[in-house]
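Here are a few exercises to work through with the model open beside you. Try each task before you read its solution.

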There are 2 protein chains.
Amino acid sequence: MNQKDQVCQYKLMASRDALEVIQGKWRIPIIIALTHGTKRFGEIQRDISDISPKMLSQELKALEMNKIVKRTLHDTMPVTTEYSLTPLGESMTNLLNEILNWGIHFREEVLKRDN
Amino acid sequence: MNQKDQVCQYKLMASRDALEVIQGKWRIPIIIALTHGTKRFGEIQRDISDISPKMLSQELKALEMNKIVKRTLHDTMPVTTEYSLTPLGESMTNLLNEILNWGIHFREEVLKRDN
DNA sequence: GTAACTACTTACCCAGAGGTAACTACTATA
DNA sequence: TATAGTAGTTACCTCTGGGTAAGTAGTTAC
């Protein structure tokens with residue numbers, strides 16, 4: 001295996017680590033919603049209008065386990081729950097921006113072609 | 001809907017466009033393999049050692065349809081096929097780099113925590 | 001008392017993502 | 001003649017991501 005191949009293997013490994021965390025239909029949208037500040041369950045659900053409570057609950061738990069999202073219970077009446085990004089979650093800012101930029105670029109390219 | 005919400009909705013839309021293209025276990029790895037230059041079917045399969053020919057064939061077709069990858073047939077004996085990135089595929093460089101950077105960062109954070 | 005809002009959980013179902021194995025068709029080499 | 005390498009295709013199976021619908025438990029407002 002030459003050096004170029006080794007670099008490629010290293011990159012493939014790193015991409016798998018990242019993909020494991022961001023894989024799925026809802027995780028990136030949830031993280032994006034939380035970059036706009038701390039939010040409650042219902043607020044995220046309203047932002048991402050077509051997510052079901054089941055999926056939101058499930059994906060928030062997974063993100064919490066990966067230390068991307070922090071869940072805070074407030075001892076108010078009634079009890080409220082707040083979700084926010086951890087420092088690790090906030091470290092995804094550049095990644096999220098590139099996803100957005102490329103998404104916009106891709107849409108423009110597709111429209112150009114179709115007209 | 002206030003301005004902050006509108007920005008959030010726009011971002012969510014853009015992320016969905018991008019996610020539709022990069023979703024799945026194999027697409028990002030395939031694109032990464034091709035950033036190291038034009039490759040043949042068997043070469044990609046050797047780089048990504050645990051992909052089956054079925055999945056590689058299927059995902060290459062999808063990427064070709066989205067104009068991320070170009071397929072070139074060479075009229076040699078025997079016939080060889082080469083895959084390379086299109087300009088649109090090459091425009092993913094920044095996105096791929098951020099995925100890699102964050103993947104490395106994430107792995108470091110996880111290791112820190114586990115020790 | 002009843003409706004509505006908070007934040008979920010549980011049960012059930014299905015399409016499709018992905019895996020495995022075998023097969024095709026052609027060429028080159030021993 | 002047979003084995004190996006080129007580039008896939010096809011059939012079949014399994015598992016799980018995600019959807020739907022309904023239920024839970026507490027509080028507040030009418």
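**Exercise 1. Work out how many residues of chain B and chain A are in contact, and which residues of chain B lose the most area.**

Step 1. Count the contacts, meaning heavy atoms within 4.5 Å. You'll find 48 residues of chain B touching 48 residues of chain A.

Step 2. Turn to area. The size of an interface is often given as the accessible area lost when the parts come together. Here buried area is the accessible area (1.4 Å probe) that two parts lose on being put together, summed over both. Chains B and A bury about 4500 Å² between them, and carbon and sulfur atoms give 67% of that.

Step 3. Pick out the big losers on the chain B side. B:Arg16, B:His36 and B:Trp102 lose the most area to chain A, together 15% of what that side buries.

A word on ground rules: this is a predicted model, where local features need pLDDT of at least 70 and side-chain atom pairs count only at pLDDT 80 or more, while totals for chains, interfaces and linings use all residues. Residues are numbered from 1 along each chain as its sequence is written, chains are lettered from A and ligands numbered from 1 in the order in which they are written, and side-chain values use heavy atoms, with hydrogens and water left out.

**Exercise 2. Trace the sheet of chain B: what is the strand order, and which strands stand at the edges?**

Step 1. Find the elements. Helices (H or I, at least four residues) and strands (E, at least two) are DSSP runs, numbered from the N terminus. Two strands pair if DSSP finds at least two bridges between them.

Step 2. Read off the order. Chain B has an open sheet of three strands, S1-S3-S2, with antiparallel pairing. S1 (39-40) and S2 (69-74) of chain B each have a single partner strand, so one side of each is left without a neighbour in the sheet.

Step 3. Check a pairing. Two bridges link S1(B) to S3 (residues 80-85) of chain B in the antiparallel sense, and B:Lys39 sits opposite B:Tyr83 in S3(B).

Step 4. Add the helix. H2 (residues 27-35) of chain B lies across S1, S2 and S3 of that chain, at about 95 degrees to S3(B). For such angles, axes are lines fitted to C-alpha atoms (for helices over the stretch in contact), and values run from 0 to 180 degrees between N-to-C directions.

**Exercise 3. Now for chain A: how many bridges join S2(A) and S3(A), and what is the bridge partner of A:Val69?**

Step 1. Lay out the sheet. Chain A also gives an open, antiparallel sheet of three strands in the order S1-S3-S2. Its edge strands, S1 (39-40) and S2 (69-74), each pair on one side only.

Step 2. Count bridges. S1(A) and S3(A) are joined by two, with A:Arg40 partnered by A:Glu82. S2(A) and S3(A) pair over six, and the partner of A:Val69 is A:Leu85 in S3(A).

**Exercise 4. Which residues come nearest to DNA strand C, and which atoms do they approach?**

Step 1. List the neighbours, where near means a heavy atom within 4 Å. There are 20 residues around DNA strand C, and A:Ser57, A:Arg71, A:Tyr83, B:Lys25 and B:Lys54 come nearest.

Step 2. Look for polar contacts (to the DNA, a pair of N or O atoms within 3.5 Å). Polar side-chain atoms lie by phosphate oxygens of DNA strand C at 2.4 Å for A:Ser57 and 2.8 Å for B:Lys25. The side chain of B:Lys54 puts an N or O atom 2.2 Å from a base oxygen.

Step 3. Ask who supplies the surface. H4(A) gives the most, with four residues.

**Exercise 5. Do the same for DNA strand D: which residues are closest, and which element gives the largest share of the surface?**

Step 1. Of the 19 residues surrounding DNA strand D, the closest are A:Lys25, A:Lys54, B:Ser57, B:Arg71 and B:Tyr83.

Step 2. Go through the phosphate oxygens. A backbone N or O atom of A:Lys25 is 2.8 Å from one, and side-chain N or O atoms reach to 2.4 Å for B:Ser57 and 2.8 Å for B:Tyr83.

Step 3. H4(B) supplies the largest share of this surface, four residues.

Conventions:
A polar contact is a pair of N or O atoms within 3.5 Å; within protein, one must be able to donate a hydrogen and the other to accept it, and residues adjacent in sequence count only if both atoms are side-chain atoms.
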